[in-house]
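Here are some short exercises to help you find your way around a protein model. Have a go at each task before you read its solution.

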Amino acid sequence: MAGGKETPRQKMIGMMYLVLTALLALNISKEVLNGFVKVENSLLTTQETLHSKVNETNSELEVKYIQNQEKVKPFRDQAAQVNTSSTGLIAYITELKARSMAASSGQYAEQELTNFDGFLGKNENGRDTVLNLSFIPQKDEYMALTQFMVGGEPNSPKDGEWTAKQLRLRMESYRDELKAISFLDNEGNTRVLPQSLKDQLDLTFQFGTELEDGKEVLWEVANFYDVPLAAVMPLMTKMTLDIQDIQEDILSWLLGSVDAKAYKFTNLMPLVVPESNYILRGDSFRANVLLAAFDGTNPPQFFVDPKKFNGRDSSLLEFETIESLPIGSDGLGKLRISTKGMQLGDVNYKGLIRFQGPDGNIEPYPFYTPSFTVAEPALVVSPTKMNVFYRGLPNPVEVSVPGVAGDALEVRISGDNKIKKAPDGSYVVDPGKSGEAKITVTATMADGSKKTLPARDFRVKRIPDPVPSFAGKTPSDRLISKNTLLGAPGVSAKMENFDFDVKVTVKSFSISVSRDGTLVEKKSNSNQLSSDMTELLKRVGRGNVIYIEDIVVSMPDGTERQLAPMKLKVS
């Protein structure tokens, strides 16, 4: 296709055409001729696709013309000229194909101009077409076709309306006409065809001499002299594709040029973009107000009622006594509403945008600001686990201020306590020896000012004592069976009803057994029963009392604690 824009399918068709032409020279007839029929049919399918694209672009241009006739008319008029020239040349090539078929079939005489009618008709879409190549019996005929298109003298192709020479002249004229496109738009600017399209025209429609068997021959001879009908038909169909392709490219350029130097306004919609909808009393509500289409040469006016909107009045804002909002270099109206002295709660405001439309009239666009909340300054500190801090543990804490980003907060803690920020944005407190901690937060507001919020107090406690366990029994139990007793591995301790995941280690304990008025005691320096303890427990019987005492555990805060003793009677 033209300008190097071939689709993969079109490239394949072009290569098939070249291969089939080469095979013809080797007198490979039937299969090669059928191959040309397939190429022709593929090109005809592509022709319908391009025709649809051209129609679609013309329709878009027509829609723009209906919307703004004065602006679009010069582009639409030029498009009409391109369409007329393109369709006229395609119609000429289509009729030339029909006459060529008639000539090859021996049914055409130049003095009888109607004898080609049997080869020309309409397709299913109502457009001119020729008899399908598959219905031509002698697809390899070339002598009559050569005489019809070129004549008997290769060095001097014959003249006439329906000849290869006339085809070349018409295509050259079409190329030069398109390259010379120049017109004035509605603002008096001269619009000419871009150089890229001119280069594409030169590349596609070039008709110089070609090499054939090492000799230079005229374009008419290379393409139509001693060339069979089966090869000529796809060649002329490809010419129509080249025409449609450049037609579509120029129409697309005209369509795009309509608004190339202007802003497009497809929808006009008031837009209010608040920086935050949660405002601390004393701070200001900030928002960007704009019309959702912007033209630096035609800025709109923005008005906001200084009184809060009552939620009922739907009339247009009476803007005459209200000062319009300032407009920044970005085209955005800058809205600032102070909340000093304002009641707490949700509020919004009524506004109006005035904009000069395409017809020169000023159009009003009412709007309402989004509701925003006016609130007292408040610090939100949420302990993740409990409302106290425990020494020796990393105490996770979430710190936030509504309406303020987390990275705009400065968090501090009092005394010898420490606080640091975790990767997930939360905080971790490491309490010191004092019995209390105070967290203070300073927030950087949207305007850059800093606001220190009231501090929040916390208690600091030591970790509660863990509960010892022996054979599943705790200090609250009183009885133990002999079998359970013999299966006990040692003493353990765990935190009960404590939200933190704390592990404690039993360092030592002792076991005493009362038998016949005699108390026997054994000691272990770990959490496991010693061998002496195991032997002692084997000798106990029903009614004997066992004491588990001196249970010492190591705690996460670095201290050691002695836990409550246990007294169990063997049942």
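**Exercise 1. A salt bridge inside a helix**

Task: Work out how Glu172 and Arg168 are linked, and where they sit relative to each other in helix α5.

Solution: Glu172 makes a salt bridge with Arg168, and their closest N and O atoms are 3.2 Å apart. Keep in mind that this is a predicted model. Next, look at the helix: α5 covers residues 164–179, and because Glu172 and Arg168 are four residues apart in it, about one helical turn separates them. Now check how covered they are. The cut-off for buried is under 20% relative accessible area. Glu172 has 19%, so it counts as buried, and Arg168, with 16%, is buried as well.

**Exercise 2. Another partner for Arg168**

Task: Which distance separates the closest N and O atoms of Glu220 and Arg168, and is Glu220 buried or exposed?

Solution: Start with the distance, which is 2.6 Å for this salt bridge. Then place the two ends: Glu220 belongs to helix α7 (residues 219–224) and Arg168 to helix α5, so the pair ties together parts that are 52 residues apart in sequence. Finally, Glu220 has a relative accessible area of 3%, so it is buried.

**Exercise 3. A salt bridge between strands**

Task: Find the strands that hold Asp457 and Lys438, then say how accessible each residue is.

Solution: First, the link: Asp457 and Lys438 form a salt bridge, with 3.9 Å between the closest N and O atoms. Asp457 lies in strand β24 (residues 456–461) and Lys438 in strand β22 (residues 436–444), so parts that are 19 residues apart in sequence are tied together by this pair. For accessibility, Asp457 is exposed at 54%, whereas Lys438, at 38%, counts as partly exposed. Elsewhere, shared partners join the salt bridges of Arg462, Asp465, Asp557 and Arg561 into one network. If you count through the whole structure, you get 19 salt bridges.

**Exercise 4. Two helices side by side**

Task: Decide how helix α6 is oriented relative to helix α8, and what kinds of residues make their contact.

Solution: Take the axes of α6 (residues 195–204) and α8 (residues 229–258): they come within 11 Å and cross at roughly 175°. An angle over 145 degrees counts as roughly antiparallel, so that is how α6 runs relative to α8. Now for the residues. On the α6 side you'll find Leu197, Gln200, Leu201 and Thr204, which meet Asp242, Asp245, Ile246, Asp249, Ile250 and Trp253 in α8. Sorted by type, the residues of this contact are five nonpolar, two polar and three charged.

**Exercise 5. An open sheet**

Task: Which strands stand at the edges of the sheet with the order β10-β13-β14?

Solution: This open sheet has three strands, paired antiparallel. β10 (301–308) and β14 (362–368) stand at the edges; each has a single partner strand, so one side of each is left without a neighbour in the sheet. From one strand to the next, the twist averages 20°. Zoom in on one pair: β13 (residues 349–356) runs antiparallel to β14, and seven bridges join them. One place to look is Leu352, whose bridge partner in β14 is Pro366.

**Exercise 6. Following strands from Val513**

Task: Which residues pair with Val513 in β30 and in β29?

Solution: Val513's bridge partner in β30 is Ile546, while in β29 it stands opposite Val520. Behind this are two antiparallel pairings: β28 (residues 505–515) with β30 (residues 545–554) over eight bridges, and β28 with β29 (residues 518–524) over seven bridges. The hairpin of β28 and β29 has two residues between the strands, and Asp516 there takes a positive phi near 55°.

**Exercise 7. Two faces of a strand**

Task: Which residues form the covered face of strand β32, and which form the uncovered one?

Solution: Begin with the general pattern: in a regular strand, side chains alternate between the two faces of the sheet. In β32 (residues 566–570), the covered face has Met566, Leu568 and Val570, and the uncovered face has Lys567 and Lys569. Now add the neighbours. β30 runs antiparallel to β32, joined by four bridges, with Ile548 partnered to Met566. β26 (residues 479–480) runs parallel to β32 with two bridges, and Leu479 stands opposite Lys569.

Technical notes: Residues numbered from 1 in each chain as written. Predicted model: local features only at pLDDT ≥ 70, side-chain atom pairs only at ≥ 80, totals over all residues. Heavy atoms only, no water. Axes fitted to C-alpha atoms, helices over the stretch in contact; angles between N-to-C directions. Parallel < 35°, antiparallel > 145°, perpendicular 65-115°, else oblique. Contact = heavy atoms within 4.5 Å. Nonpolar A, V, L, I, M, F, W, Y, C, P; charged D, E, K, R; others polar. Pairing = 2+ DSSP bridges. Salt bridge = Lys/Arg side-chain N within 4 Å of Asp/Glu carboxyl O. Buried < 20%, exposed > 50% of the residue type's maximum accessible area, 1.4 Å probe, protein only.
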